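Work through the exercises below with the sequence and the model at hand. Try each task before reading its solution.

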Amino acid sequence: MSRSHHWITPCGGYALRLTAASWQQMDRECGRAEALETGGILVGHYTTDESTAVVAEALPPPKDSTRGRSWFRRGVAGLRGLLAKRWESQVRTYYVGEWHYHPASIVEPSGDDLVQMYGISADPRYRCREPIMLIVGQARDGDERPVRAFVFPQPEGHLEFEQRRGDAGPVSK
Ligand SMILES: [Zn+2]
């Protein structure tokens, strides 16, 4: 796979890495979703210097999620227990954001997506003031799936990541 899984904002203030495993999880769920949107939460950690968010897992949609051709509402079923387990595990990971699949070859966050992310950024229960949103689309014949990545550092503001060129591919850890 030639895709780079290292991302950075143009200002250099935020960096993002996706593990190969998290990308495969999204790719698989997107394939299952066919013509409907889907999504789930991103679980990972920040590097010890806090410069980079590392997405270790892209979880499938909770069972109480609802979806249509151009909308997705992520449910919450099972997330509390699952996140408690990740927090207590040897390599501590936690909620870092959301991923969505939009069944289109050009992907944009919807107005609802932005509202959801601003809400999460401001909601103390998430303990995630800089949540990430990944939007994955439909591959056109022979192409890679389009993917865009955003960070929501403050209420009402977001920045888009750019893929860093010249990286060797997905990170293993
Ligand atoms: Zn969406």
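**Exercise 1.** Find the residue of strand S9 that stands opposite Ile132, and describe how S8 and S9 pair.

*Solution.* Ile132 stands opposite Val151 in S9. Strand S8 (132-136) and strand S9 (residues 147-154) pair in the antiparallel sense over five bridges, where two strands count as paired if DSSP finds at least two bridges between them. Strands here are DSSP runs of E with at least two residues, helices are runs of H or I with at least four, and both are numbered from the N terminus. The model is a predicted one, in which local features need pLDDT of at least 70 and side-chain atom pairs count only at pLDDT 80 or more, while totals for chains, interfaces and linings use all residues. Residues are numbered from 1 along each chain as its sequence is written, and side-chain values use heavy atoms, with hydrogens and water left out.

**Exercise 2.** Place this pair in the whole sheet, and name the strands at its edges.

*Solution.* Begin with the order, which is S10-S9-S8-S7-S3-S4-S2-S1-S11 in an open sheet of nine strands with mixed pairing. Strand S10 (157-160) and strand S11 (162-163) stand at the edges, and because each has a single partner strand, one side of each is left without a neighbour in the sheet. Next come the helices: H1 packs on the sheet, and the strands that it touches (contact means heavy atoms within 4.5 Å) include S8 and S9. The direction of H1 makes about 45 degrees with that of S4, whereas H3 lies across S7, S8, S9 and S10 and runs at about 40 degrees to S9. For these angles, axes are lines fitted to C-alpha atoms, for helices over the stretch in contact, and the angles run from 0 to 180 degrees between N-to-C directions.

**Exercise 3.** Determine where Glu34 and Arg127 lie, and whether they are buried or exposed.

*Solution.* Glu34 lies in the loop between helix H1 (20-33) and strand S3 (38-46), and its phi is near 55 degrees, a positive value in a residue other than glycine. Arg127, which is not a glycine, has a positive phi of about 45 degrees and lies in the loop between helix H3 (111-122) and strand S8. Buried means under 20% relative accessible area, exposed over 50%, and partly exposed in between (1.4 Å probe, protein chains only). Glu34 therefore counts as exposed at 60% relative accessibility, and Arg127 counts as exposed at 76%.
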